[in-house]
Amino acid sequence: MAPSGTSFDPADPPRASGPVVDYTLARRSVLAALRRGAVATTDVCDAHPELLRAGRNIGEPLDERCPVCSHETLRKVSYVYGEELKRNNGRVVYPPEWLDELVREHDQFTCYVVEVCIDCSWNHLIRAYTAGRLFSGGPVVGRREGSTNGGRRQPGHREQG
Ligand SMILES: [Zn+2]
């Protein structure tokens, strides 16, 4: 198996094979191969300059340490892709609330969540999922089973300050 293609290219993301694709196993096997010496650090620590820049500027810090350099420099960056998104196709999701807006405005698009180390340039897909009006169930956040008020209402207010 060729070790190439482990890095995430914002201009050419891999095709997600289903509505939700978890890349945890792929990530683990890359790291195992790295430890075995089957792939070189330079093969996996080659984050695309754009991804690196996004990680630095707007990436969300992850609790985990970088699996390669062990520094607390791991960031999470999300990208959205879809023909429907037109000029927003391939854009970095920022601010995070922008994603909610896209979900309301589009039927279907794909969101890629990538981790990138801004120190050693390690990068890997975490997951890809389909989102949009047709998939408003989406990655479920705060869903409650058996809620008495239907659970359909959005929390319409937000406390300031
Ligand atoms: Zn690192």
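**Order of elements.** I read along the sequence and got the pattern β-α-α-α-β-β-β-α-β-β. That makes four helices and six strands in the protein. I am noting here that this is a predicted model.

**Confidence.** I checked the pLDDT before trusting any detail. The protein averages 86, and 81% of the residues score at least 70. Residues 146–155 are the stretch I will leave alone, since the pLDDT there is below 50. Beyond near neighbours in sequence, that stretch has one contact in the model.

**Burial and contacts overall.** I looked up how much of the protein is covered: of its 161 residues, 24% count as buried. Then I looked at contacts with a separation of 6 or more. Residues 24 or more positions apart account for 65% of them.

**Helix α1.** I put a ruler on α1, which covers residues 24–36. This helix has 13 residues and reaches 18 Å from its first C-alpha to its last, close to the 18 Å expected. G37 follows α1 and has a positive phi, near 90 degrees.

**Strand β3 and its partners.** I went to β3 (74–81) next. Is β3 mostly covered or mostly open? It is mostly covered, with six of its eight residues buried.

I then listed what β3 pairs with.
- Strand β2 (residues 60–61) pairs with β3 in the antiparallel sense over two bridges; E60 stands opposite K76.
- Strand β4 (residues 91–92) is joined to β3 by two bridges and runs antiparallel to it; V80 stands opposite R91.
- β5 pairs with β3 over eight bridges, again antiparallel; L74 has C117 as its bridge partner in β5.

**On to β5, β6 and β1.** From β3 I moved across to β5, and from there to β6. β5 and β6 pair in the antiparallel sense over eight bridges. They form a hairpin with five residues between them. Strand β1 (residues 20–22) is joined to β6 by three bridges, also antiparallel.

Which residues have R127 of β6 as a partner? I found D22, whose bridge partner in β6 is R127, and V113, which stands opposite R127. Tracing the pairings, I can walk from β3 to β5, from β5 to β6 and from β6 to β1.

**The core.** I looked for the largest nonpolar core and found one of 26 residues. Inside this core, L51, V114 and V116 have the most contacts. The elements that each supply at least two residues of the core are α1, α3 (49–58), β3, α4 (98–105), β5 (109–117) and β6 (123–131). Which of them gives the largest share? It is β5, with six residues. As a general reminder to myself, nonpolar side chains in soluble globular proteins tend to be buried together.

I picked L51 for a closer look. Leaving aside neighbours within four places in sequence, L51 is in contact with F8, P10, V77, V114, V116 and N123. Two of the names on that list, V114 and V116, are also among the residues with the most contacts inside the core.

**Backbone oddities.** Most residues other than glycine have a negative phi, and most peptide bonds are trans. I went hunting for exceptions.

S70 has a phi near 65 degrees, a positive value in a residue other than glycine. Its place is in the loop between β2 and β3. S121 does something similar, with a positive phi near 75 degrees, and sits in the loop between β5 and β6.

Which of these two serines is buried, and which exposed? S70 counts as exposed because 11 other C-beta atoms lie within 10 Å, and the cut-off for exposed is 12 or fewer. S121 counts as buried because it has 23 C-beta neighbours inside 10 Å, where 20 or more are needed.

I also checked the peptide bonds. The one from Y94 to P95 is cis, with omega near -5 degrees. P95 has its place in the loop between β4 and α4.

How values were computed:
Residues are numbered from 1 along each chain as its sequence is written. This is a predicted model: local features need pLDDT of at least 70, side-chain atom pairs count only at pLDDT 80 or more; totals for chains, interfaces and linings use all residues. A nonpolar core is a set of buried Ala, Val, Leu, Ile, Met, Phe, Trp, Tyr and Cys residues joined through C-beta atoms within 7 Å. Two residues are in contact if their C-beta atoms, placed from the backbone, lie within 7 Å. pLDDT is the predictor's confidence in each residue, from 0 to 100. The expected span of a helix is 1.5 Å times one less than its number of residues. Two strands pair if DSSP finds at least two bridges between them.
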